[in-house]
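I set out to look up a few local environments and one helix packing in this structure. My notes follow in the order of the look-ups.

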Amino acid sequence: ADAGTIRKIVYQTKPDEIYNLGAQSHVKVSFEIPEYTMDITGNGALRVLEAIRDFQTETGKKVKFYQASSSEMFGSSPPPQNEKTPLSPQSPYGAAKIFAYNMTNLYREAYGLFAVNGILFNHESPRRGETFVTRKITRAIARIKSGLDKKLYLGNLNAKRDWGYAPEYMEAAWLIMQQPKPDDYVIASGKSHSVRELVEIAFGCAGLDWRKYVVVDSFLMRPAEVDTLVGDATKA
């Protein structure tokens, strides 16, 4: 949120590469705090790009920039989604990511920066925050199994997502930055699964029948929903 601090860090560290993973990245929360989401997720990328542009102009040192773009930018566009799919966001988060995506491309074209977008579909690991659906489900199962909870409250069980493994996706992000020319790439598994499937498999692994524990709560539904995301990573 602080352009001055970002500039100070860039000038002090003189980096070769910058990966901008900073965001208010929770889609549901972005409906509750849309202005903050835009400032951090959208304008945050612009602040980093401006710092790089000034630093590169003053020092002549090239700095590569990676923008963590998101499959949420595709929104209601039908699957499979690739680099040429129209962007149609269904959340303030998706809209903010599109602003950052467009500014990254603009700075590449206008100022010759090595600036790239990695359009990563959902990627998960044990380090995922507990408010995200994958960890919310696995944490709830552990608590139910331990007798600490009795129910798991979820929103849209029919939403389909393309889930991958975060360490592999970050290797892909690094590879995008090592290409001879800056460009944008979709990173995805190419497979889609519903939240319902995830719930059924996860509860099954713990020897539990999910139908006895899962409650659909309309409060957890998003004002606008992204039904299906399936990435086409052919270019990558």
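The entries below concern a predicted model.

**Entry 1: Ser30.** I first located Ser30, which sits in helix α2, spanning residues 27–32. I then asked whether Ser30 is buried or exposed. Its relative accessibility is 0%, and the cut-off for buried is under 20%, so Ser30 counts as buried. I next looked for a polar partner of the Ser30 side chain and found the backbone oxygen of Val27 2.6 Å from one of its polar atoms. Leaving out residues up to four places away in sequence, I listed the contacts of Ser30 as Gln24, Thr37, Ser91, Pro92 and Tyr93.

**Entry 2: α3 and α4.** Two of those contacts of Ser30, Thr37 and Pro92, led me to the pair α3 (residues 34–59) and α4 (residues 92–111). I noted an angle of about 15° between these helices and a separation of 8 Å between their axes. Angles under 35 degrees count as roughly parallel, and α3 is therefore roughly parallel to α4. The crossing of α3 with α4 is right-handed. On the α3 side I recorded contact residues including Pro34, Thr37, Met38 and Leu49, and on the α4 side Pro92, Tyr93, Phe99 and Met103 are among them. By class, the residues of this contact are 13 nonpolar, five polar and three charged.

**Entry 3: Lys212.** I turned last to Lys212, which I found in the loop between α7 (195–205) and β10 (214–216). Lys212 has a relative accessible area of 56% and is exposed. I also checked Lys212 against Leu152: they are 60 residues apart along the chain, and 9.7 Å separates their C-alpha atoms.

Conventions. Residues numbered from 1 in each chain as written. Predicted model: local features only at pLDDT ≥ 70, side-chain atom pairs only at ≥ 80, totals over all residues. Heavy atoms only, no water. Helix = DSSP H or I, 4+ residues; strand = E, 2+ residues; numbered from the N terminus. Buried < 20%, exposed > 50% of the residue type's maximum accessible area, 1.4 Å probe, protein only. Polar contact = N/O pair within 3.5 Å; in protein donor to acceptor, adjacent residues only side chain to side chain. Contact = heavy atoms within 4.5 Å. Axes fitted to C-alpha atoms, helices over the stretch in contact; angles between N-to-C directions. Parallel < 35°, antiparallel > 145°, perpendicular 65-115°, else oblique. Left-handed = near helix turned anticlockwise from the far one by under 90°. Nonpolar A, V, L, I, M, F, W, Y, C, P; charged D, E, K, R; others polar.
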